[in-house]
Amino acid sequence: MQGSTINLTRGVPPTDAFPVEDLIACGEAALRRDASVLLQYHRGGYPPLREWLGAQYGVGPEQVLTGNSSLEVFSYIIRVLVGAGRRAFVESPSYDRSITLLRRNDAHVVGVPLQDDGVDLEALETELEAGAPALMYLITDFQNPMGATTSLEKRERLAELADDQSFWIVEDAPYRRLRYRGEDVPSLWSLAPDRVLHMSSFSKVLAPGLRLGYVIGPGQVIAELFEWAEHSHIGPVLPTQGMVYEYCRRGLLDVNIERLKDLYRPRLNTVVAQLNDQIPQAQWTEPDGGFFVSGFLPQGNHIVDLRERAEEAGLKLSDGRDFFPNPADGNRFLRIPFCSLTEAQIVDGVSRLAGLVIR
Ligand SMILES: Cc1ncc(COP(=O)(O)O)c(C=O)c1O
């Protein structure tokens, strides 16, 4: 084994990117100002933070629910909108934990193939002929795991289909603000606010340990989610919300996002260049933002065997099959999270990988 182990499994931010001193100052200021609210029970989240979040989207706080992570919020959405055995559509591949969460809640998960510019609409329309799903879960910006961004044309068609066929779309957008090049595409929520729940979190733009996520949606659905959340946890952890509210109120979030983009942009450029240079036989994605590049390895490779050999070479790889509703579709699939690695580690990691991939 050469050098120290390089971990290419989960998409986590680098710990040295956390704005620790600012968060300490904001946490203290928040508690000094509003301890009687922040240390008490409160359903739905810290009101000033809900107000602030709503203002970012041009809606009132009654359209905002916060929770302890977006994954927790998604679990409430599933319980409220998807009954046991009902169909839930996801992109194939999709975020492995969301697939697991849907299945744990007895949803029938149906994968719709993902292309470079979003889901395959023909395949979706064929699937819709068998009936509309209870919900469709989409990661429209810098998708996990592919890195793909759904085009405006596809967003418009998706909004139309959801409207016509009365199904909910959950737009999961934790990476949306981490765009390293190009122009923002309007969110699906902005195109169909009556049919889309827009979910996001502070995990990738600030720190995942905060466990602070939220959803924006139609008032009636948010009210139902409030009720479900209240009977699940009474209210989310508030001191964290006070700290984050203070951080946002001081205008530090935008500054932090710009700093992160400057940190991650060269890492993306390096990983894409290295992969295309050293393993050109695979088809690698070229995302404009987010945390992940991914690719399908040439015929003859299998992720199980590759992971075993990678472990011996000091390289930890995720199991590509976990991202696919039909696991066998991911036998040759590899997701590469690049944000937490330095450029030197990226070069080293890709060179170790290149020595293992069968051409
Ligand atoms: C698409 C997507 N949604 C949700 C999450 C989890 O976010 P949170 O930390 O808010 O639960 C992740 C984390 O990797 C993700 O990639």
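These exercises work through the ligand site, a salt bridge and some backbone features of a predicted model.

**Exercise 1. The ligand shell**

Find how many residues surround the ligand, and sort them by class.

*Solution.*
- Step 1: Collect the shell. The ligand is surrounded by 14 residues.
- Step 2: Pick out the closest. They are Asp172, Tyr175, Ser203, Lys204 and Arg211.
- Step 3: Sort by class. The shell holds 6 nonpolar, 5 polar and 3 charged residues.
- Step 4: Place the ligand. The second largest pocket holds it.

**Exercise 2. Polar contacts of the ligand**

Determine which atoms of serine 70, leucine 71 and aspartate 172 pair with the ligand, and at what distance. Use a cut-off of 3.5 Å between N or O atoms.

*Solution.*
- Step 1: Take serine 70. A side-chain N or O atom of this residue lies 2.9 Å from a ligand oxygen.
- Step 2: Take leucine 71. Here the partner is a polar backbone atom, 3.2 Å from an oxygen of the ligand.
- Step 3: Take aspartate 172. Its side chain places an N or O atom 2.6 Å from a ligand nitrogen.
- Step 4: Check the cover. On its own the ligand has 400 Å² of accessible area, and the protein covers 93% of that.

**Exercise 3. A salt bridge along the chain**

Locate the partner of glutamate 171 in a salt bridge, and say which elements the pair links.

*Solution.*
- Step 1: Count the salt bridges. The structure has 24.
- Step 2: Find the partner. Glutamate 171 pairs with arginine 155, with 3.9 Å between the closest N and O atoms.
- Step 3: Map the pair. Glutamate 171 belongs to strand S7 (residues 168-172), and arginine 155 to helix H6 (residues 152-165). The two residues are 16 apart, so the bridge is described as linking distant parts of the chain.

**Exercise 4. Backbone geometry**

Identify the cis peptide bonds at proline 93 and proline 145, then examine phi at serine 69.

*Solution.*
- Step 1: Check serine 92 to proline 93. The bond is cis, with omega near 10°. Proline 93 sits in the loop between strand S3 (87-92) and helix H4 (96-104).
- Step 2: Check asparagine 144 to proline 145. This bond is also cis, with omega about 15°. Proline 145 is in the loop between strand S6 (135-138) and H6.
- Step 3: Check serine 69. Phi is positive, about 95°, although the residue is not a glycine. Serine 69 lies between strand S2 (64-67) and helix H3 (70-81), in a loop.

Methods:
Residues are numbered from 1 along each chain as its sequence is written. This is a predicted model: local features need pLDDT of at least 70, side-chain atom pairs count only at pLDDT 80 or more; totals for chains, interfaces and linings use all residues. Side-chain values use heavy atoms; hydrogens and water are left out. A residue is near a molecule or strand if one of its heavy atoms lies within 4 Å of it. A polar contact is a pair of N or O atoms within 3.5 Å; within protein, one must be able to donate a hydrogen and the other to accept it, and residues adjacent in sequence count only if both atoms are side-chain atoms. Accessible areas come from the Shrake-Rupley method with a 1.4 Å probe; for residues, only the protein chains shown count as cover. On a 1 Å grid over the protein atoms alone, a cavity is a set of points where a 1.4 Å probe fits but cannot get out, and a pocket is an open set with protein on both sides within 12 Å along at least five of seven lines; lining residues have an atom within 4 Å of a point. A molecule sits in a cavity or pocket if more than half of its atoms lie within 2 Å of its grid points. Ala, Val, Leu, Ile, Met, Phe, Trp, Tyr, Cys and Pro count as nonpolar, Asp, Glu, Lys and Arg as charged, and the others, Gly among them, as polar. A salt bridge is a side-chain nitrogen of Lys or Arg within 4 Å of a carboxyl oxygen of Asp or Glu. Helices (H or I, at least four residues) and strands (E, at least two) are DSSP runs, numbered from the N terminus.
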